[in-house]
Amino acid sequence: WTGLDRAAPTRVWMSHGDKVASPPPGFTVTGSTQTLQVAAMADEARKIYAVQFHPEVHHSVDGERMLENFLFKVAGCTPDWTMASFVERAVAEAAEKVGDRHVVCALSGGIDSTVAAALLQRAIGDRLHCIFVDNGLLRLNEAEEVTTFLREHFHLNLTVVDARERFLSLLKGVEDPEKKRKIIGHAFIDIFQEEAEKLPHVDFLAQGTLYPDVIESVSHKGPSAVIKSHHNVGGLPETMKLALIEPLRELFKDEVRKVAAELGMPDSIVWRHPFPGPGLAIRVLGEVREERLDILRRADRIVQEELRAAGWYRKVWQGFAVLLPLRTVGVMGDGRTYENVIALRVVDSVDAMTADWSRLPPELLARISGRIISEVKGVNRVVYDISSKPPSTIEWE
Ligand code: XMP
C-alpha cells in the first residue's frame with residue numbers, strides 16, 4: 001500500500017515512546033525498524049493501515065508518497081483541491097457566515113493574520129475592522145513597516161494601538177516563560193476588547209489560527225497535554241460573546257503561503273518568517289526590560305540582514321537571535337569584559353511541528369557572530385543552537 005519496494009529501507013521520523021507489542025488479529029507487520037518491531041501494520045482484507053511514525057514530516061523521506069498512495073490508490077480520492085478553489089470557497093463561506101454583520105480582526109503583521117484579513121476583506125469589505133496592537137515586543141521598526149504596508153497595499157480598515165509601556169510594566173519582574181505568555185495573552189485580550197468596544201457592533205472575531213496551533217493547543221487525553229500556551233487560540237473571555245472565524249484553521253504554513261501568493265501578496269509578506277505572538281518577550285530569557293529588548297533587537301536585525309544577504313532567508317523556516325540570562329567573560333583590547341550571550345536559532349521545518357537546526361555555512365555563521373559582537377554593545381559571545389524539535393522546541397521559552 002505504501003507503493004514502496006518492501007525490501008528496500010527508507011528513513012522515517014518517529015518521536016514517541018509508545019509501541020505496539022503485537023499486531024491485533026488480522027494485521028500483519030508491514031514495516032519495522034532496528035528497535036521497533038511494529039512500525040507499520042496493515043489488515044489488507046479490511047483495508048486498515050497504521051503507522052507509528054510521522055509520514056507527514058519531510059524527515060520521513062517517502063512519507064508524502066505513502067500518503068499519496070493511501071489516498072489515491074487505496075481510498076480512491078481524487079486530487080482536485082487547489083489553492084484557487086480554497087480562496088473561492090473560504091471567501092464564499094465567510095460572506096455567507098457573516099451576512100451583513102461586522103467582524104473584528106487582530107492583525108499581527110505576520111502572514112497568518114494578514115492572509116486571514118485579506119480573505120475576509122474580499123468577503124465583506126469595510127465591515128472588517130482590523131486592530132494592530134504594538135506591544136513593544138516586535139522587531140526593530142516592525143510595527144511601522146507592517147502597518148504602513150497593510151494600509152497602502154490592502155487598504156485595510158486598521159486601528160493601531162500603542163501599548164508598549166503597558167506591556168513592559170506588566171512584565172516587570174516576571175521570569176517564568178508560561179507566566180510571560182499568560183500576561184501577554186491576557187493584556188492583548190484586554191486591549192483588544194477595549195478597542196473592539198469602540199467599534200460598531202461586531203459579532204465575529206477573525207483569527208489567523210493554523211492547523212498546528214489547533215493541534216498544539218488541544219489537551220489530548222494523557223500527559224502530552226498543552227505544550228505551550230498559544231495565546232491566539234481559545235483565550236477570549238466569554239463576555240465578549242464573539243463567534244470565531246478562522247479561515248485558515250485547516251491549513252499548514254506552506255499552504256497559507258500559497259494562498260498569500262494567490263491573493264497577490266508580495267514576497268516580503270509571503271516569505272516573512274513566522275514570529276510568535278508573545279514576540280521578543282520569549283526571546284529575552286528571564287526578565288524583559290527595555291534595555292535587554294534593545295540589545296536583542298539590534299542583534300536580531302543583523303541576523304535577518306545577513307540571512308537575506310547570503311540568500312539563506314528563504315531556505316530556512318525561521319532564524320532569529322535569543323538573549324540569554326547570563327554573562328560570560330571575554331577580552332577586548334587589553335581589558336576583560338563580562339557581557340551578554342546571544343544564541344542563534346535557525347531551523348528547517350515544513351510546519352513547525354518538527355524542526356531541525358539549519359546547516360548554515362560556517363562563513364555565514366562567522367559573519368553573523370562577528371557583526372553581532374562588534375556592533376551590538378553589551379554582547380561578547382554568540383552560540384549556535386544545534387537542537388532539533390522534538391525534543392527541543394523552536395523558541396527557547
Ligand atoms: P515552538 O517553540 O513551539 O514553536 O516549537 C513552533 C512555532 O510556533 C511559533 N510560536 C508561536 N506562535 N504564538 C504564536 O503565534 C505563540 O505563543 C507561539 N509560540 C511559538 C514559533 O515561533 C514557531 O514558529
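In what order do the 5 strands of the open, parallel sheet stand? The model in the viewer is a predicted one, and this tour begins with that sheet.

**Stop 1: the parallel sheet**

Select β6, β5, β4, β7 and β8, and colour each strand separately. The order across the sheet is β6-β5-β4-β7-β8, and the pairing is parallel. Look next at the edges, which are formed by β6 (158-162) and β8 (243-245). Each of these two strands has a single partner, so one side of each is left without a neighbour in the sheet. If the view is turned to follow the strands, a twist can be followed as well: neighbouring strands are turned by 25° against each other on average, direction ignored.

Now restrict the selection to residues 103-107, which are β4, and residues 128-134, which are β5. These strands run parallel and are joined by 5 bridges. For one example of such pairing, display Leu107 together with its bridge partner in β5, Phe132.

**Stop 2: a helix across the sheet**

Add residues 111-124, which form helix α3. Which strands does helix α3 lie across? The helix lies across β4, β5, β7 (204-206) and β8. With respect to β4, helix α3 runs at about 155°.

**Stop 3: the antiparallel sheet**

Move to another open sheet, which consists of 3 strands in the order β1-β2-β3 with antiparallel pairing. Its edge strands are β1 (28-31) and β3 (48-51), each of which pairs on one side only. From one strand to the next, the twist averages 25°.

Select β1 and residues 40-43, the strand β2; the two run antiparallel and are joined by 3 bridges. Within this pair, Val29 has Met41 of β2 as its bridge partner.

The loop between β2 and β3 contains Lys47. Its phi is near 55°, a positive value in a residue other than glycine. In general, most residues other than glycine have a negative phi.

**Stop 4: the domains**

Colour the protein by its division into domain 1 (1-78), domain 2 (83-270) and domain 3 (283-384). Taken over C-alpha atoms, the centres of domain 1 and domain 3 are separated by 40 Å. There is nevertheless contact between them, with 4 residues of domain 1 touching 4 residues of domain 3.

**Stop 5: the largest pocket**

Display the surface and centre the view on Glu64, Leu67, Leu71, Phe252 and Glu255. Of the 26 residues that line the largest pocket, these five lie nearest its centre. The volume of this pocket is about 980 Å³.

Which elements give two or more residues to the lining? They are α1 (63-74) and α8 (253-262). The largest share, 6 residues, comes from α1. Domain 1 and domain 2 each supply at least three residues to the lining. Colouring by class shows 13 nonpolar, 4 polar and 9 charged residues in the lining.

**Stop 6: two cis peptide bonds**

Finish in the segment after β12 (379-384), where Pro390 lies. Pro391 is also placed in the segment after β12. Zoom in on the bond between Lys389 and Pro390: this peptide bond is cis, with omega about -15°. Then step to the bond between Pro390 and Pro391, which is likewise a cis peptide bond, with omega about 5°. In general, most peptide bonds are trans.

Technical notes. Residues are numbered from 1 along each chain as its sequence is written. This is a predicted model: local features need pLDDT of at least 70, side-chain atom pairs count only at pLDDT 80 or more; totals for chains, interfaces and linings use all residues. Side-chain values use heavy atoms; hydrogens and water are left out. Two strands pair if DSSP finds at least two bridges between them. Helices (H or I, at least four residues) and strands (E, at least two) are DSSP runs, numbered from the N terminus. Axes are lines fitted to C-alpha atoms, for helices over the stretch in contact, and angles run from 0 to 180 degrees between N-to-C directions. Contact means heavy atoms within 4.5 Å. On a 1 Å grid over the protein atoms alone, a cavity is a set of points where a 1.4 Å probe fits but cannot get out, and a pocket is an open set with protein on both sides within 12 Å along at least five of seven lines; lining residues have an atom within 4 Å of a point. Grid points are joined across faces, edges and corners, and a volume is the space filled by probe spheres set on the points. Ala, Val, Leu, Ile, Met, Phe, Trp, Tyr, Cys and Pro count as nonpolar, Asp, Glu, Lys and Arg as charged, and the others, Gly among them, as polar. Domain bounds come from an automatic or database domain assignment.
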